[in-house]
Number of protein chains: 4
Amino acid sequence: MALKELKENNKEQIEDTVKDIKIAYIGGGSQGWAKRLMSDLALESKISGTVALYDINFKAALDNEKVGNLLSKHPDVKGKWHYQAVQTIQEALQGADFVIISILPGSFQAMGSDVHQPEKYGIYQSVGDTAGPGGLMRACRTIPIYADIANHIKALAPNAWVINYTNPMSLCTRTLYEIFPEIKAFGCCHEVFHTQELLAHMVTDLLEIEVKSRKEIKINVLGINHFTWINRASYKNIDLMPLYQTFVDKYYEEGYEIKKGAWRESVFESCNRVKFDLFKRYGLIAAAGDRHLAEFMPPWYLKDPETVKAWKFRLTPVDFRIQDQQEKINKNQKLLSGEEQLEVRPSGEEGVEMILALLGMGDLVTNVNLPNQGQIAGLPLGSVVETNALIRKDSVLPVMAGQLPLDIHNMVQRHVYNQESVLQAALNKDKQLAFNAFINEPLVANISRYKAEKLFNEMIENTKDYLPGWDI
Amino acid sequence: MALKELKENNKEQIEDTVKDIKIAYIGGGSQGWAKRLMSDLALESKISGTVALYDINFKAALDNEKVGNLLSKHPDVKGKWHYQAVQTIQEALQGADFVIISILPGSFQAMGSDVHQPEKYGIYQSVGDTAGPGGLMRACRTIPIYADIANHIKALAPNAWVINYTNPMSLCTRTLYEIFPEIKAFGCCHEVFHTQELLAHMVTDLLEIEVKSRKEIKINVLGINHFTWINRASYKNIDLMPLYQTFVDKYYEEGYEIKKGAWRESVFESCNRVKFDLFKRYGLIAAAGDRHLAEFMPPWYLKDPETVKAWKFRLTPVDFRIQDQQEKINKNQKLLSGEEQLEVRPSGEEGVEMILALLGMGDLVTNVNLPNQGQIAGLPLGSVVETNALIRKDSVLPVMAGQLPLDIHNMVQRHVYNQESVLQAALNKDKQLAFNAFINEPLVANISRYKAEKLFNEMIENTKDYLPGWDI
Amino acid sequence: MALKELKENNKEQIEDTVKDIKIAYIGGGSQGWAKRLMSDLALESKISGTVALYDINFKAALDNEKVGNLLSKHPDVKGKWHYQAVQTIQEALQGADFVIISILPGSFQAMGSDVHQPEKYGIYQSVGDTAGPGGLMRACRTIPIYADIANHIKALAPNAWVINYTNPMSLCTRTLYEIFPEIKAFGCCHEVFHTQELLAHMVTDLLEIEVKSRKEIKINVLGINHFTWINRASYKNIDLMPLYQTFVDKYYEEGYEIKKGAWRESVFESCNRVKFDLFKRYGLIAAAGDRHLAEFMPPWYLKDPETVKAWKFRLTPVDFRIQDQQEKINKNQKLLSGEEQLEVRPSGEEGVEMILALLGMGDLVTNVNLPNQGQIAGLPLGSVVETNALIRKDSVLPVMAGQLPLDIHNMVQRHVYNQESVLQAALNKDKQLAFNAFINEPLVANISRYKAEKLFNEMIENTKDYLPGWDI
Amino acid sequence: MALKELKENNKEQIEDTVKDIKIAYIGGGSQGWAKRLMSDLALESKISGTVALYDINFKAALDNEKVGNLLSKHPDVKGKWHYQAVQTIQEALQGADFVIISILPGSFQAMGSDVHQPEKYGIYQSVGDTAGPGGLMRACRTIPIYADIANHIKALAPNAWVINYTNPMSLCTRTLYEIFPEIKAFGCCHEVFHTQELLAHMVTDLLEIEVKSRKEIKINVLGINHFTWINRASYKNIDLMPLYQTFVDKYYEEGYEIKKGAWRESVFESCNRVKFDLFKRYGLIAAAGDRHLAEFMPPWYLKDPETVKAWKFRLTPVDFRIQDQQEKINKNQKLLSGEEQLEVRPSGEEGVEMILALLGMGDLVTNVNLPNQGQIAGLPLGSVVETNALIRKDSVLPVMAGQLPLDIHNMVQRHVYNQESVLQAALNKDKQLAFNAFINEPLVANISRYKAEKLFNEMIENTKDYLPGWDI
């Protein structure tokens, strides 16, 4: 390259901005995540470009296109983006620098089977999207979709950075790498952030020190998504591990909430009693919401609705999901009609920060989901784990997280291998292997083999429209 | 070394015999295993020497000394050995070429707690010496004894070959290596042999071909002791895996016994229905007795005594053990008084063959328990696994066994990590870690956490005499 | 399968013979190796079938067909085989149970460049087919041929067992696995056998004990082909390692030959002085001929023809190869004309024994070349290493060989990574990478970089007909 | 802990300073490194405490005590530290929070043998402290000293963070971990920083963009100390790898210097021609000074003084070292007499920043030397490698650096195993193993074995006072 050209090409750099970025948004009709991204992009002045919105519900993508484009007309919006709904995934991916995936695999009806069918056998799930019988079924119908996406990315945007937000997080990310091993993908989840917030409040509660941001709580994270653990935590010069012991002792019985009483209002909230109990038994800080953690354990916390209540967290009925979705749609109508305006404020997600870091505009150390290259000792290489990573210009490098204690390691790897089994079962439509994983889920292991088989078959039957090619 | 001396030293070789071998027998007062060894040694003319019998019950060792020495007077006994009861383990180990360990850790009363206390909580165990609540408790009291033995071997017989027969096999062997990593030890178990015998009978049953010896059934073994699996089996040119499918189909319902009706007579017998069921679900041949296999699984086969009966195998009550022991003692009295004579016939064990191989008198390929150096892919290095090994002059080298299928791998490694937890718990007297392993046993996972805690504490209390230093 | 059918199908087994085997012989026009196989097959009564001879020189294959078929007419030939020359590799592979590969990649003229061009720069090679500049060039032209063979096997005989005899052994075998990872291939070489013979003679020389067969010398082998090491050796009860020390001390200066003076007659013979020198410096028994060993080391033994002579081994000029080939062709003419008869006697190779073992007719433990799965600790997984393996019905399982001492390990792995570089260079036609491996060969490292570049380019130029697609 | 106490204990935190830190400085009489630390500490207001200076030259430590304590009297010095010379290493370590090690192992006379004895055999070394014959000898006398230091740290300051500055860096750090595996140690070296500076100048040279600080050049580092490589480099949004290609093309012949002509003035400077040449051949950016890099390669750049000159770098004669030392001593006298004052300015080292990060006062990502836990794929676990790490409150966690290309990997690991051999040789006083590593050094491999032996023995003889217990 001639030097003159070199200088031209890098001129933009001098101004410290990057223009003409293309983001492909798979699931671009989403009500929640898409809005969060729009909001975060609007707040960031350094980057601009196009967001291609692809969704199997094209109408929803069109609506988001409208909402997104309205934004850049606001005078106080700093980040200028053009939103465009597209009819095919190919159009979305062509020329993309970044791909964001946030989809809902299957229908609410299928999710209803995931969450509520097991209740007929005494198996209660607080979320049903990651572990347990519901998580497994959801994975079985999501994996082929992700295999398909991976093939499209391989063909059309092999150098794009791919950020996944869909659950089951580990298996979605795992599938992308299984199909296209050179993919530059990682998975993001905010559960760990909430644990940092809890620790920030703990510092204030116990030491009367105000903590400016959860990011000041430095943690070492290791585990798998929604069953992640913290074995080192600090705030400035303060080691938070002994402090957490005091905190657990203080609040073990009543629990602790950042916003008092919130758990009675929202299915997403809890009093962290499950987290405290796990610390007492295993010695590390579990770094996900109680509703997620409970599903990875034997039915200690999910025995029945009364037990759940006693542990002060909530089940998430699918009715709630449907209603919540409707509210978001109504809200959207108001945005589209101009009756309301999209509120532009930080979402708390890190997607845009990550994009900046990947563009070379500031290092970021945060927790992500990536194939294990050894960042967690003893877990199988290639399985998707959650640890810190250093994000820089065109690279996401895991930080060595070390090893889990034997007892936690054993629980985590049982899920890791169950996930590997589900991956193979879903790709090969292997019902026997799927069932062997199903009956090995801690929430399922407690019912009789006969009942487990009956339940499994019913759940397969209920969702068979999403299991093409299976021998049902 | 001068050549002349060289020739002298190797002269014995020319005659193809080895004299003046010293075997240290820890647990030398044993009624069963010691007799089997005596019998096998008596049948082998190539080697001779001394067996030092050490036992915490010195009287029993003295009795065995007498029985053993009577043997060499028989004119038809080919292997001439001098038996000597010794009062200390040091005397036994001093100068030993081989060490055999076969002990009963704790009392029948302790074993009674292992096996029967859990029954009060609906947990039935068919053996209670390897997995399950009983196996774990037995391990907790055995590990410190083995740590002690390992230290003595390190000090007095670091170059001796050590053969372990005590259960829990994996953890006893694992402890020896944990304390003295350079030890030349391995564990032997006959369960796999019985599976070979079953396959030999299968060949006859299905193909009407007589099989001379179980050794003609060639197998690839992988797993952990008592939860071992066969993924390749052949008899001469015949692949036995598809044949086993036919066999299982034929006998799945009624089961198959080598000796018809034996399972009704003896607690050690079964109809192999558990084995057949595992094949149907997991596709490999489980290579241990049904009574052992059942304990590694959720309570599918051990739900209650009726279920056990339906699967056509037996629980082993400690009453039976006591009675069996008494019969052996009575028998011994007759041997000592001369009323009866020790019957000299092959025991079916391979200890003496192994000693020959280790002395350089013939290669042997057989299954042994050894620390994993990679012979089973994916299981943690250092954990004790069971695979084939090549035994030769002063070496026991594992044969690469490959990898278990995902679903079996997951079940096996859950036990592997539970065992590692028990090892650390027993060495560090860490009750919390012991309990975390306890509640993670598949047989325990089905009762409530509250009940599990209660049971655990009772079992600890019942056996506290054997748990010195624990904070009980 | 119906039981009746089962019995039918396995009837053959009862008679302990296997008929209708198909062996595909790639390089079936070979003068040497093909004859050896014919001879060994003729001596074995248990198996029979067809050998398809494929060679780019069809005429040579036709000649071998004739010679082979003459054999079965002899009344004293026990193994009845039909030989058939075929015109395409596809015909050969179709339906093959076994594939034997023994080819000469390129011409004598190319081999002349491999061996003699470096001499112009003061680099002498005793063989030039494995390591050194010649070995590397030979690899560059062989690897694409093997890639092609692998693709054919994948398509036509994916379940066949593939035995490789071609050099460079490690890289030929490595290429097969690189292209078709599920291939059931291994490489065989007799160099280790000769070291066993040497040890057998040592026993006789030092102890005056006659050893019946080299197979009675039990060894643990580890390394890479032609640079293999023995760290444990025994004959019956005798540890041969200290004996070898005495042997080396006795014969270090004059060397030791099984047949006195042979090294002066034949380029293939030596006095084992290189082997003895390596023992003195590194403590293990190098297990290949001196002419191979010398090429893996710095030019200690190959400085110039005088040095070679002083170490009492020989360079192998290509003239000799040409003359040797001509003699074999003449000999062949006599066989074809009936003037002479093929002498039927054991070749000393193990191919037929291996075939028997793979058919389930007797276990075999011997040294083979296989991808490293951990059988040698510390060498990269997947690289082709030489260790013992257990060969049984349809399986070849490496025996754990342990670890090389640090200093030998370092020398071995330098070649391992050079080989990996050559593999990638040859597959990707990457001249820079090929040169970086070339200049890292111990025999090349001693000349200046400038000269190395010149030599490299000349060797490439000389053999460019065999390097299609390279940017020359 | 009572909450009140908790708050008290963490009060200091609120003020964002840490007092009463104890730093033990082993080699505290050092002229260069000690002054740099004093200067950096003086510039940092957040931390304060005591520096215990231990040196086998107590007088030198006393002088540094004086110089250090003069500092805190200056009104513009922000960091207040008390310096105290101590007579024993025990006094220094007792209660230390941090340990800094920077020693000169052996005498200038010994260093003279390291550097100049090989010249008699045509082996030229530009530094002689890491690789090559000199580096090896220096390692042999340093390793026992480090073993001793490690034992003292284990006994007296097992929780302290240990920062090593002594060469040979990898082997000093490796020894600390060999002796005390739980040590919290890492090694620091500024060579990579200089490469960042070079890249910063490249950006200015080619793009006319001013780069504020070398820290804005983001790099991924992998290799071993002084033979480290960069496979990814960026400045903000600019990928520097293609730019470096242009840079190398532009300056390959004449070389590039930050300060024109400096290499003619100082032995420490070069024109980066070796670095450029390595890029042309291997494709990555070598990240150390040319004088270090050259010693890891065959004698391409160090053939003779003329070659060195042609490549535009310098040999470092020991005369220069002695003279340099004398100048520093003279300078010191002026400081002690008050004639001059220690100039307080940033040294360019990162020790103090690291201490801040370890205290929880700001994250730091930088390159350090640590045992490999997998941060570089394919290099042996436990060997000391150089990569980026994330430094935080009480933790230094390697960042996954990935894998080197095959050809570079091969060169690097040859040194890694040579270092492992030297470690074992030095600890076990194993002359044969030391020689086998010696002759495997690329700079030595080119002379005859006979000469190598002679040289080795002379170098051993010359430095035998520092090799106690060796059989010389």
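This report describes the fold of chain A and selected local features of chains A, B, C and D in a predicted model.

## Overall form of chain A

Chain A contains 19 helices and 13 strands. Its C-alpha atoms occupy a box of roughly 70 × 60 × 50 Å along the principal axes. The radius of gyration of chain A is 22 Å, which agrees with the value near 23 Å that a compact globule of 472 residues would have.

Of the 472 residues in chain A, 63% are buried. Contacts between residues at least 6 apart in sequence were also sorted by separation, and 71% of these contacts in chain A join residues at least 24 apart.

## Surface and charge of chain A

The exposed area of chain A is about 17400 Å², and carbon and sulfur atoms supply 49% of that area. Chain A carries 52 positive and 59 negative charges. The mean position of the positive charges lies 1 Å from the mean position of the negative charges.

## Chain pairs without contact

Two pairs of chains can be described here. Chains A and C do not touch, and their nearest C-alpha atoms are 14 Å apart. Chains B and D do not touch either, with a distance of 14 Å between their nearest C-alpha atoms.

## Cysteines

A search over all chains of the structure finds 0 disulfides. A:Cys172 is in no disulfide, and the nearest cysteine sulfur, which belongs to A:Cys140, is 12 Å away. Because a disulfide requires sulfur atoms within 2.5 Å, the distance of 12 Å from A:Cys172 to that sulfur falls outside the criterion. A:Cys172 has a relative accessibility of 2% and therefore counts as buried.

In chain C, C:Cys188 is likewise in no disulfide. The nearest cysteine sulfur to C:Cys188 is that of C:Cys189, at 8.8 Å. C:Cys188 is buried, with a relative accessible area of 8%.

## Two covered helices

Helix α8 of chain A spans residues 169-179. Because 9 of its 11 residues are buried, this helix is largely enclosed by the rest of the structure. A:Cys172 is one of the buried residues of α8(A). The others listed as buried are A:Met169, A:Ser170, A:Leu171, A:Thr173, A:Arg174, A:Thr175, A:Leu176 and A:Tyr177.

Helix α12 of chain C, residues 273-282, is mostly covered, with 9 of its 10 residues buried. The buried residues of α12(C) include C:Val274, C:Phe276, C:Leu278, C:Phe279 and C:Tyr282. Residues with charged side chains are also among them, namely C:Arg273, C:Lys275, C:Asp277 and C:Arg281. Just after α12(C), C:Gly283 adopts a positive phi of about 85°.

## Cis peptide bonds

In chain B, B:Asn167 and B:Pro168 are joined by a cis peptide bond with omega of about 0°. B:Pro168 belongs to the loop between β5 (161-164) and α8 (169-179) of chain B.

Chain D has a cis peptide bond between D:Asn167 and D:Pro168, where omega is about 0°. The loop that holds D:Pro168 runs between β5 (161-164) and α8 (169-179) of chain D.

## Positive phi outside glycine

B:Asp394 is not a glycine, yet its phi is positive, at about 55°. This residue sits in the loop between β12 (384-392) and β13 (395-398) of chain B. With a relative accessible area of 37%, B:Asp394 is partly exposed.

C:Lys312 is another residue other than glycine with a positive phi, in this case near 60°. C:Lys312 is located in the loop between α14 (305-310) and α15 (318-337) of chain C. The relative accessibility of C:Lys312 is 21%, so this lysine counts as partly exposed; the cut-off for buried is under 20%.

## A loop residue of chain D

D:Ser448 occupies the loop between α18 (431-438) and α19 (449-462) of chain D. At 32% relative accessibility, D:Ser448 counts as partly exposed. D:Ser448 and D:Tyr121 are separated by 327 residues in sequence, while their C-alpha atoms are 9.9 Å apart in space.

Notes
Residues are numbered from 1 along each chain as its sequence is written. Chains are lettered from A and ligands numbered from 1 in the order in which they are written. This is a predicted model: local features need pLDDT of at least 70, side-chain atom pairs count only at pLDDT 80 or more; totals for chains, interfaces and linings use all residues. Side-chain values use heavy atoms; hydrogens and water are left out. Helices (H or I, at least four residues) and strands (E, at least two) are DSSP runs, numbered from the N terminus. The radius of gyration is taken over C-alpha atoms; the globule rule is 2.2 Å times the number of residues to the power 0.38. Buried means under 20% relative accessible area, exposed over 50%, partly exposed in between (1.4 Å probe, protein chains only). Contact means heavy atoms within 4.5 Å. Accessible areas come from the Shrake-Rupley method with a 1.4 Å probe; for residues, only the protein chains shown count as cover. The place of a charge is taken as NZ of Lys, CZ of Arg, CG of Asp or CD of Glu.
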